[in-house]
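Let's take a walk through this fold together, moving from one loop residue to the framework around it and then outward to the helices. Please keep the sequence and the 3D view at hand as you read.

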Amino acid sequence: MASPLSFSFELFPPRTPEGVAKLPSVIGQLAAVRPDYFSITYGAGGSNQDGTYETLVTVARHSGVEAAPHLTCVGSTRAHIAALLKRYREAGVKRIVALRGDLPATAMSASAPGEFHYANELVSFIRETCGEAFKIEVAAYPETHPQAPSPGADFEHFRRKVEAGADGALTQLFYNADAYFDFMERCGKAGIKIPVVPGIMPITSCANTVRFCAGCGADLPRWVRLRLEELENDKPALVDFGLDVVTRLCQTLLGNGAPGLHFYTVNQADPALRLWKRLGLPALG
Ligand SMILES: Cc1cc2nc3c(=O)[nH]c(=O)nc-3n(C[C@H](O)[C@H](O)[C@H](O)COP(=O)(O)OP(=O)(O)OC[C@H]3O[C@@H](n4cnc5c(N)ncnc54)[C@H](O)[C@@H]3O)c2cc1C
C-alpha cells in the first residue's frame, strides 16, 4: 500500500514584535487544515536558536500539530549540538530537519572553527547520539545546490545523507517540475527510496520571487518572470497568476508521484491556504 501523503508548513522565528504578535493566528489558521507537521527554521551561526525553540513552544500551544525544528551544524560543536538535541528530546520533539546551514565564506573553509562541515556529519551524529529518537529530514536540490561543483557530485552528497540515516528529504523551492522528476529518476537508479517532498514557495510578489530564486539558485522560468514583471503594479492579477502557476506545479507533482508537499509559508497563512483549497486538499477548516 502506498504511504499516505505528507503535507507540512515551514515557519521562521519572527524577528519583530509585530511578527511575534501575529504568529499564533498564522499557526491557528494553518493548523485548522491538519498538516502533518510544522517545521521551524534555525538561523545559521546561532543567531536565533532560542527563537526556534520559542516558535516550537508557540506551535505546541496554538495547535495540536507536531513541530519539527531545523538544526544547522556548520561552525558548531558536538557539545553544542548534543545540548540542543537534549533540549528538543525533553520538549517531546520527534522530527528534526538536519542541515549544514550557510555562513560567510570565511567560516566555510576547511580551517573554519566548528566540528561539522556538512549535513551528512550532522545526520550521523544524531543517529550516533540519539539512535532512532528522531525522524530526520534532510535537504535535497533538484536543480543542484549552488555551491556544488556538479549535479553528480551534489547527488553523491545527497546520497551520503541518506546513507547516514535520513528518513526523508524536503527539496529546495523550484518552479520546474521536470527538475524534480529528473532528481527522482536519479534516486531510483541509486536505490534511494526515502520520500523526497517538494518544497513549494507560493508566488505573491515579483520582487520576492526573484530574490528567493536568486538566493538559493532556483531557476525562475523566463515566461513566469516576464509575466510577474508585467503584473507588478496589479497586485490582485499578480496573485491570481502566481496561484495558477504554483497550483499547476503542485498538481503536476502530486499527479506524478510526489509524496506530499512542504509549503514555505514565510509566516503567511493566506497564500498556502489558497493553494491548499485550489488543490482540493482535505480538511479545510
Ligand atoms: C528544506 C530546506 C530547509 C532549510 N532550512 C534552513 C534553516 O532553517 N536555516 C538555514 O540556515 N538554512 C536552511 N536551509 C538552507 C541550507 O542550509 C543551505 O542550502 C546550505 O547551503 C546547505 O545545507 P545542506 O544541509 O543542504 O548542506 P549539505 O548537504 O552539507 O550540502 C552543502 C553543499 O556542500 C556539498 N557537500 C555536501 N557534503 C559534502 C562533502 N562531504 N564534501 C564536499 N562537499 C560536500 C553539497 O554538494 C552542497 O553543495 C534550508 C534548505 C532547505 C532545502
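Thr144 has a relative accessibility of 16%, and because buried means under 20%, this residue counts as buried. You will find Thr144 in the loop between E5 and H6. Its backbone is worth a look too: phi of Thr144 is near 80 degrees, a positive value in a residue other than glycine. Please bear in mind that this is a predicted model, and that what follows describes that model.

A second loop residue makes a good companion to Thr144. Arg34 lies in the loop between H1 and E2, and its phi is near 55 degrees, again positive in a residue that is not glycine. Is Arg34 buried or exposed? With 51% relative accessibility, and exposed meaning over 50%, Arg34 counts as exposed.

Now step back from the loops to the strands. How many strands close into the barrel, and in what order? There are 8 strands, following one another as E1-E2-E3-E4-E5-E6-E7-E8, and their pairing is parallel. From one strand to the next, the twist averages 30 degrees. As a reminder, strands of a sheet pair through backbone hydrogen bonds, either parallel or antiparallel.

Let's follow part of this barrel in detail, starting at strand E4, residues 95-99. E4 pairs with E5 in the parallel sense over 3 bridges. Here Arg95 has Lys135 in E5 as its bridge partner. Strand E5 itself spans residues 135-140, and 5 of its 6 residues are buried, so the strand is largely enclosed by the rest of the structure.

On we go to strand E6, residues 168-173, which pairs with E5 in the parallel sense over 4 bridges. Within this pairing, Val138 stands opposite Ala169 in E6. To get from E5 to E6, the chain passes through helix H6, residues 151-163, and this β-α-β crossover is right-handed. The next neighbour along is strand E7, residues 196-200, which pairs with E6 in the parallel sense over 3 bridges. Leu170 stands opposite Val197 in E7.

With the strands in place, turn to the helices. Helix H1, residues 17-31, lies across strand E1 (6-11) and strand E2 (37-40). Relative to E1, H1 runs at about 175 degrees.

Helix packing comes next, with helix H7 (residues 177-189) and helix H10 (residues 235-255). Their axes are 10 Å apart, and the two helices pack at an angle of about 25 degrees. Angles under 35 degrees count as roughly parallel, so H7 and H10 are roughly parallel to each other. The crossing of H7 and H10 is right-handed. Which residues meet where these helices pack? From H7 come Ala177, Tyr180 and Phe181, and they meet Leu249, Thr252 and Leu253 in H10.

One last stop is helix H3, residues 78-90, where Ala82 is found. Ala82 has a relative accessibility of 31%; partly exposed covers the range between 20% and 50%, so this residue counts as partly exposed. Try locating Ile126 from here: Ala82 and Ile126 are 44 residues apart in sequence and 8.2 Å apart in space, C-alpha to C-alpha.

Conventions:
Residues numbered from 1 in each chain as written. Predicted model: local features only at pLDDT ≥ 70, side-chain atom pairs only at ≥ 80, totals over all residues. Heavy atoms only, no water. Buried < 20%, exposed > 50% of the residue type's maximum accessible area, 1.4 Å probe, protein only. Pairing = 2+ DSSP bridges. Right-handed = clockwise from strand over helix to strand, strands pointing away. Axes fitted to C-alpha atoms, helices over the stretch in contact; angles between N-to-C directions. Parallel < 35°, antiparallel > 145°, perpendicular 65-115°, else oblique. Left-handed = near helix turned anticlockwise from the far one by under 90°. Contact = heavy atoms within 4.5 Å.
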